[in-house]
There are 2 protein chains.
Amino acid sequence: MGKKLTTRKEDYSKWYNELVVSANLAENSAVRGCMVIKPYGYAIWEKMQAELDRMFKETGHENAYFPLFVPKSLFEAEEKNAEGFAKECAVVTHYRLKTDPENPSKLIVDPEAKLEEELIVRPTSEAIIWNTYKGWIQSYRDLPILINQWANVVRWEMRTRLFLRTAEFLWQEGHTAHASKTEAIAEAEQMNNIYAQFVENFMGIPVIKGTKSENERFAGAVETYCIEALMQDGKALQAGTSHFLGQNFAKAFDVKFASKEGNLEHVWATSWGVSTRLVGALIMTHSDDQGLVLPPNLAPIQVVIVPIYKGEEQLAQISEVANDLVNKLRNVGVSVKYDDRDTQKPGWKFAQYELQGVPVRIAIGPKDLEKGSVELARRDTLSKEIVPQGEIVEKVKGLMTEIQENLYNRALKYRDEHITEVNSFEEFKEVLNTKGGFISAHWDGTSETELKIKEKTKATIRLIPIEGKKEAGNCVYSGNASPQRVLFAKAY
Amino acid sequence: MGKKLTTRKEDYSKWYNELVVSANLAENSAVRGCMVIKPYGYAIWEKMQAELDRMFKETGHENAYFPLFVPKSLFEAEEKNAEGFAKECAVVTHYRLKTDPENPSKLIVDPEAKLEEELIVRPTSEAIIWNTYKGWIQSYRDLPILINQWANVVRWEMRTRLFLRTAEFLWQEGHTAHASKTEAIAEAEQMNNIYAQFVENFMGIPVIKGTKSENERFAGAVETYCIEALMQDGKALQAGTSHFLGQNFAKAFDVKFASKEGNLEHVWATSWGVSTRLVGALIMTHSDDQGLVLPPNLAPIQVVIVPIYKGEEQLAQISEVANDLVNKLRNVGVSVKYDDRDTQKPGWKFAQYELQGVPVRIAIGPKDLEKGSVELARRDTLSKEIVPQGEIVEKVKGLMTEIQENLYNRALKYRDEHITEVNSFEEFKEVLNTKGGFISAHWDGTSETELKIKEKTKATIRLIPIEGKKEAGNCVYSGNASPQRVLFAKAY
C-alpha cells in the first residue's frame, strides 16, 4: 500500500502497470522481459489452470510433457512455423561455464562446450511434439491422440509488458492428431468453444468467436480460430487461439497412418493454447481506479473479515463472531480470510483488500456486536450495507453468483457499446480515433487491403465472426465486394 | 505390448529401461538427455504433485513463478552454488535465428543477435529468487517468506536415464526466508519430514532420514537434510533433500532486514525439492518381472474391468453388470476403467494392465453372469479370487488400503534386510559386493576418508542418520574415533 493509483483516464497503460505491481500480482525481474509471478497473481493462475484442466479432461484430453528444447534441425522442418518464430528465439549454444582465467571470481562460457547442434528454447512445441508423434502413430487405431501440455515457453519479444507480453510465459498447449480433416476441424472448433465458455463463464469476460485472416494466422496453420475480448481502453485482446494445422506438420515430420481402408495417409493436426496473458485480460476487463476487481470464481480470497476494535477484550468478542462466520462460510465452500493482525489499522486493510480485488469485505465493530450485525462491502459496486449476522451466509452465497454475473454483464455492456458498424473509411478512422473498440466493416478479403488499413490506422482485423448475420457489402477501403463484415481494432 | 521384459535378475538396468518404455511412462526424445513424459507417466506425476501441493499449502506455503533464465552475473554471485552447477549449465547466448545465406531452407544463429550477458537455464533457482527477495524484504514484518515453485530445470548431465537422471526434469523447489537461524532450521527439518511422510505414506516407499556429509551436501548449503530409499538392486536413491542455507544467499545478494530490536541483519534461508526422479524410485521399488506395480494412491487407473464374451448379446449382458460396478466404484472414489474395446483380446488386455501396474483387475465372463460373481486379480500379489458381485465394492475399497500397505511393508522388509552393520573395511567390501544395500559403519567424519572409501568401493555416505541409536566407535577405514554409525551405499 502506497500512494493512489494513476487513474485509467489519466494514463491507462500506467494505471495497468501500477496496478499489477501494487496489487502484488507480478513484477519485472532481472531478466529482460521475464516476469516474476507473485503468490497472489499465481493463485489466480492456479484457479484458471484447475478449471481449464478439468474442462480438457472432461473432453478426453490427457496431459503429458515434452522437452523444453527443440534441436535446430527439427525447428526448421515446418517452414512457415520456423519462419514465424525464428526472429524471437532464445538459442542455447553451450552446455558449460568455466572459471574466467583472467578473473577467477567470474565465470565465462566454456568455448570447448559448444553444442554440435544449437537448441531452441521452445516458443511453441509443434516441432518437438510432431517429431515424437511420428513414433506413436502407425495405424488409425493409434488415433486420435488428444494431448495437452502445461509449460513455459519463450519468445524474445522486444517490447514486453507484465502478463500481456513477456519473453517467458506460462501456458497450456494442446496438440492433437486425427485420422480425418473433418475430425481435426471439429476438434479445433471444440477447443475454441471451450475457451469461449471458460473465459465468459469463469473469468466473466465476454468474447467474440471468429477466425483469423491470413495475416494474423498462426505460423503453420491452415485456419486459426480465436476468441477476442475488449479492454476498457477500447483495445482488443486475443484471449485464446485454436489452430487447424491441416497436414502441414505431418508432412514436415513424415507422420503417416494406415487408414481403415489400408491406405497410408498423412495425419491431420490441431493445436490450441491460452496463456498467463489471460491474467492481463482479467485485470484490464474488470478493474477500476481503486484497484483490482476479481470475479469470485478466480479470487484467491473471496471474503475478508476485518475486526474494528479497541483493546484485547473487544477483539476477543469480535473474533468469536468472526471465527464462527469463517467456519460457516468455509462449510459452504467460500474461501475466507480473517485478518486480525494488530500490525495494521482497519483503514489500511480496507484499502489493501480493495486494491487486491477481494469481492466481499465484512467489517465487525463494537456496534455490530451490540446489534448482531456486520458491515458488508462489495468490491464490484463499492457499495456497503448492514447485514444481520444470521443472514450473512446466505447473503454471501448469493453474492458470489451475483458479483460474478454483474462483472460479466458490465463488461458485456461496455463491449457491446463499443462495436460500431461503419460504411466508409472516413467513418472507420473517425470511430477508431474517438471511440475505439471493435469496428465492424466490410473488407475485400485481401491481405493487401488489410495491411494498408493497418499502416494507416494501426488497426488490424481481429477476427472474421463465426456467429451473427452475414450480409454482403463493399470493402470500406477498396470498395470491392465483401461477403460479410469483419471486426477491426487496435490490439494488445 | 510386445515381447516379455528382461527380468530383474538378468539385467536390472535393462529391466528398468524396458519397463519405463513398454508401460508407456516415458521415452527418450530427439534432445540429448531430455525425456518425453507420456500421458500415463504424467498422470502419476500429477497425483504426486496434487498431494505434495496440498501438504505444502497446509503448512503455510504459497506457489509463485520465477524466470527460467538466470543472468550470468547473478548465477555467479553465490560462489559455492555457482561452482557446483557451472559444469552442467545450458547457456543461452543468442536471441534470434536467420536464414542461412548459403542455404535458404536452413536457419542459422544470427551473430548480430548476441546477448550482452549470457543467460543460464536454471539448474536451480536460488540465485534468481534471492535477487528477487532482496526487493521484498526490509523488515521482520516481511518474514517469513514461504514460497514454492513448480518448474522445469536443466542440468547438462553426461549420463542420463529416464526419470532418474535427465538433462531437463520437472520438480518443485521451495525457497523460504526467515528472521532467525532457529526458524530456518526448523523449516528445513519440517520439509524433510513432509517429504518422508509423503514418500512413505503416499508412494509406499520406506525412507531413512538423515543429513549429508560435506561432500554430498548441496552446493551453497550449510546443512542438507535428506531422505534415502533402497532400490531392489541394493542401490540407494536420494528421494528428496531440504537445505538449511544459512545466510549464504542473503550475503551474496545483500538481503537484510530490520529486526524487532532495530538491527539490520542478514536473512536466513532454506530450499527444498523433489523431482520427477521420484517416479523412477516408485518404479524401481515396487515393480516386478511382469511390469509396473503401482500403489493405489498413485495409480491413474485403480481398477480395470475386462469383459470376456462371445458375441454382442453376451457383451451387452456383461456390460450391464460392468457399468453398474463402474458407477458404484466411482461413487466411493475409486477410479475405474471398463475396457470393452473389441480391437484387443482379453489376454492382451490382461497382460497390458499387468504391465502398466493397475492394482486391481476384474474380469467378467458368461460363468460369472450365471453365478453372480466376478474374478478379481491383485497386481501386487498376482493372486486371483472369485468374489460375489454384491461384495465387490467393499472388497475393492478394502483392497485399496491393503495393497497400499502391502507394498510399503514388502519394501520395508526388503530395505530392513539390507541394512548391514559392519565393523571392518574387509567386511564393508564383502557385504557391498555380495548383498549390497545400506552399510552401517563407523566413519571418522573426514572428507578424506569418505573419498578414499568411494575411490575403492564406489560407495558413498548416503546419510548420517537422524533417528535411532548413536553409539560411538572407530572408523572402519582409518580406525579413528566416530561419534555414530553412518549409512554407506552405492547410489543412483
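# Why the labels fit

Q: Where does Pro144(B) lie?
A: Pro144(B) lies in the loop between α5 and β9 of chain B. Those labels come from DSSP runs, numbered from the N terminus: helices are H or I with at least four residues, strands are E with at least two. The peptide bond leading into Pro144(B) from Leu143(B) is cis, with omega near -5°.

Q: What should I know about the model and the numbering before reading on?
A: This is a predicted model, where local features need pLDDT of at least 70 and side-chain atom pairs count only at pLDDT 80 or more, while totals for chains, interfaces and linings use all residues. Residues are numbered from 1 along each chain as its sequence is written, chains are lettered from A and ligands numbered from 1 in the order in which they are written, and side-chain values use heavy atoms, with hydrogens and water left out.

Q: What kind of peptide bond runs from Leu143(A) to Pro144(A)?
A: A cis one, with omega near -5°. Pro144(A) is found in the loop between α5 (126–136) and β9 (145–154) of chain A.

Q: What makes Ser139(B) count as buried?
A: Buried means under 20% relative accessible area, exposed over 50%, and partly exposed in between (1.4 Å probe, protein chains only). Ser139(B) has 14%, so buried it is. You'll find Ser139(B) in the loop between α5 (126–136) and β9 (145–154) of chain B.

Q: How do you know that the side chain of Ser139(B) makes a polar contact with Arg141(B)?
A: The side chain of Ser139(B) reaches the backbone nitrogen of Arg141(B) at 2.8 Å. That sits inside the limit for a polar contact (a pair of N or O atoms within 3.5 Å; within protein, one must be able to donate a hydrogen and the other to accept it, and residues adjacent in sequence count only if both atoms are side-chain atoms). Setting aside neighbours within four places in sequence, Ser139(B) is also in contact (heavy atoms within 4.5 Å) with Phe257(B) and Ala258(B).

Q: Why is the pair of Tyr12(A) and Trp15(A) called tilted?
A: Rings of Phe, Tyr and Trp (its six-membered ring) pair if their centres lie within 6.5 Å; planes under 30 degrees apart count as stacked, over 60 as edge-to-face, and the rest as tilted. Tyr12(A) and Trp15(A) are 5.0 Å apart centre to centre, with 40° between the planes, so they pair and land in the tilted class. Being three residues apart in helix α1 (residues 12–22) of chain A, the two are separated by about one helical turn. Tyr12(A) is buried at 11% relative accessible area, and Trp15(A) is buried at 0%. Over all chains there are 38 aromatic pairs. Elsewhere in chain A, one aromatic cluster is formed by Trp45(A), Phe56(A), Trp150(A), Tyr195(A) and Trp272(A).

Q: Which residue has its charged end over the ring of Trp15(A)?
A: Arg8(A), at 6.0 Å from the ring centre. The rule asks for NZ of Lys or CZ of Arg within 6 Å of the ring centre and within 35 degrees of the ring normal. Lys235(A) lies over the face of Tyr492(A), at 4.4 Å from the ring centre.

Q: What makes the relation between chain A and chain B that of a two-fold axis?
A: A rotation of 180° with 0.0 Å of shift along its axis superposes chain A on chain B, with an RMSD of 0.0 Å. That is just what a two-fold axis does. The fit is by least squares on C-alpha atoms of residues with pLDDT of at least 70 in both copies. Val92(A) comes closest to the axis of the residues of chain A, with its C-alpha at 2.1 Å.

Q: How do you know that the copies meet through the same surface?
A: Because 100% of the interface residues of chain A are also interface residues in chain B. For a look across the chains, take Ala30(B): leaving out neighbours within four places in sequence, Ala30(B) is in contact with Pro71(A), Leu74(A) and Asn131(A).

Q: Why is Ala30(B) called partly exposed?
A: Its relative accessible area is 41%, so Ala30(B) falls in the in-between class. Ala30(B) lies in the loop between β1 (26–28) and β2 (35–37) of chain B.

Q: What makes phi of Asp254(B) worth a look?
A: Phi of Asp254(B) is near 55°, a positive value in a residue other than glycine. Asp254(B) lies in the loop between α7 (248–252) and β14 (256–258) of chain B.
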